[in-house]
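Let's take a walk through this protein together, with the viewer open beside the text. We will begin with one interaction and work outward from there.

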Amino acid sequence: MTRISKRRDRHFMDENGRLFWINGPEHHCYLSEQRQWRSGLSFDDVLDWKQCAPSGLVSQRFPSLRAACEAFEHNQVTWARDLYLLRMGERMEARRSDPDYKPTAMAMAESQGARPRVQPWRLPDPQGPCCGLPPRPSPALEMPHPHRRRRSAAASPRQLAELQPAFLGPGDPLTQV
């Protein structure tokens, strides 16, 4: 027997943390398993921020929402794979997994003056250097030091000859080969 641990409207979560959605009209509904791709979010955060999408696993039809929930709790659900829902869920996940994602209704409410909400999965931006040191330049912009030797897998004799005067003096025994 599987227990529904949390429920909000047509969404519910079982005791193992799996999320399900009751789809369709109330008199002819079915269950669909929902895949979550962000860990650490509460049940309400997952629903508010729409961080779930159909996995493609669907049930038979039920005559009411209550019948669907009771069948789930008594292990009387027959599951089948729906490829259309699976593809739709993959597209939803690709669109909603962006770090700056906001549901359309939330973005519209903010544009009309509602309090802006920060995604719960984003870390706060640092207010300054964390360790007290100035930030390091990007490695792509860093110029190599003219006197620093770089190790390479295979240096040609010509490359070694070009580097030799910069590092070795005329009286050095290595220059008298």
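A good place to start is a contact between a charge and a ring: the charged end of Arg38 sits over the ring of Trp121, at 3.8 Å from the ring centre. Please keep in mind that this is a predicted model, and that the distances and angles here are computed from it.

Now step back to the overall layout. The protein has 177 residues, and 28% of them count as buried. It contains five helices and six strands, and along the sequence these follow the pattern β-β-β-β-α-β-α-β-α-α-α. Of the contacts with a separation of 6 or more, 50% are made by residues 24 or more positions apart.

The strands come next. Strands of a sheet pair through backbone hydrogen bonds, either parallel or antiparallel. Here the six strands form an open sheet in the order β1-β2-β3-β4-β5-β6, with antiparallel pairing. At its edges are β1 and β6 (80–81), each of which pairs on one side only.

Start at the β1 edge. Strand β1 (residues 4–8) runs antiparallel to strand β2 (residues 11–14), and four bridges join them. Together β1 and β2 make a hairpin with two residues between them, and Asp9 in the turn has a positive phi of about 55 degrees. Across this pair, Arg7 stands opposite Phe12 in β2. At the other edge, strand β5 (residues 52–58) pairs with β6 in the antiparallel sense over two bridges. There, Leu57 stands opposite Arg81 in β6.

Which strands do the helices lie across? For α2, they are β1, β2, β3 and β4 (30–36), and the helix runs at about 160 degrees to β1. Helix α3 (residues 83–96) lies across β4, β5 and β6, and runs at about 165 degrees to β5.

Let's stay with α2 for a moment. Its buried residues are Leu65, Ala68, Cys69, Ala71, Phe72 and Glu73, and what covers them includes β1, β2, β3 and β4. After α2 comes Asn75, whose phi is positive, near 55 degrees.

This brings us to the interior. The largest nonpolar core has 13 residues, and those with the most contacts inside it are Phe12, Ile22, Cys29, Leu31, Phe62, Phe72 and Val77. Two elements, β3 (19–23) and α2 (65–73), give two or more residues to this core. The largest share, five residues, comes from α2.

Ile22 is a handy residue to select in your viewer. What does Ile22 contact, leaving aside its neighbours within four places in sequence? The list is Arg7, Arg10, Phe12, Cys29, Tyr30, Leu31, Leu65 and Cys69. Apart from the core just described lies another one, of ten residues, among them Leu47, Trp49, Cys52 and Trp121. Trp121 is also the residue whose ring lies under the charged end of Arg38, which takes us back to our starting point.

One last feature is the set of aromatic rings. A pair of aromatic rings is described by the distance of the centres and the angle of the planes. The structure holds five aromatic pairs, and ring pairs link Phe12, Phe20, Phe72 and Trp79 into a cluster. Phe12 and Phe72 are familiar by now, as both are among the residues with the most contacts inside the largest nonpolar core.

Notes
Residues are numbered from 1 along each chain as its sequence is written. This is a predicted model: local features need pLDDT of at least 70, side-chain atom pairs count only at pLDDT 80 or more; totals for chains, interfaces and linings use all residues. Side-chain values use heavy atoms; hydrogens and water are left out. Rings of Phe, Tyr and Trp (its six-membered ring) pair if their centres lie within 6.5 Å; planes under 30 degrees apart count as stacked, over 60 as edge-to-face and the rest as tilted. A charge sits over a ring if NZ of Lys or CZ of Arg is within 6 Å of the ring centre and within 35 degrees of the ring normal. A nonpolar core is a set of buried Ala, Val, Leu, Ile, Met, Phe, Trp, Tyr and Cys residues joined through side-chain atoms within 4.5 Å. Buried means under 20% relative accessible area, exposed over 50%, partly exposed in between (1.4 Å probe, protein chains only). Contact means heavy atoms within 4.5 Å. Two strands pair if DSSP finds at least two bridges between them. Axes are lines fitted to C-alpha atoms, for helices over the stretch in contact, and angles run from 0 to 180 degrees between N-to-C directions.
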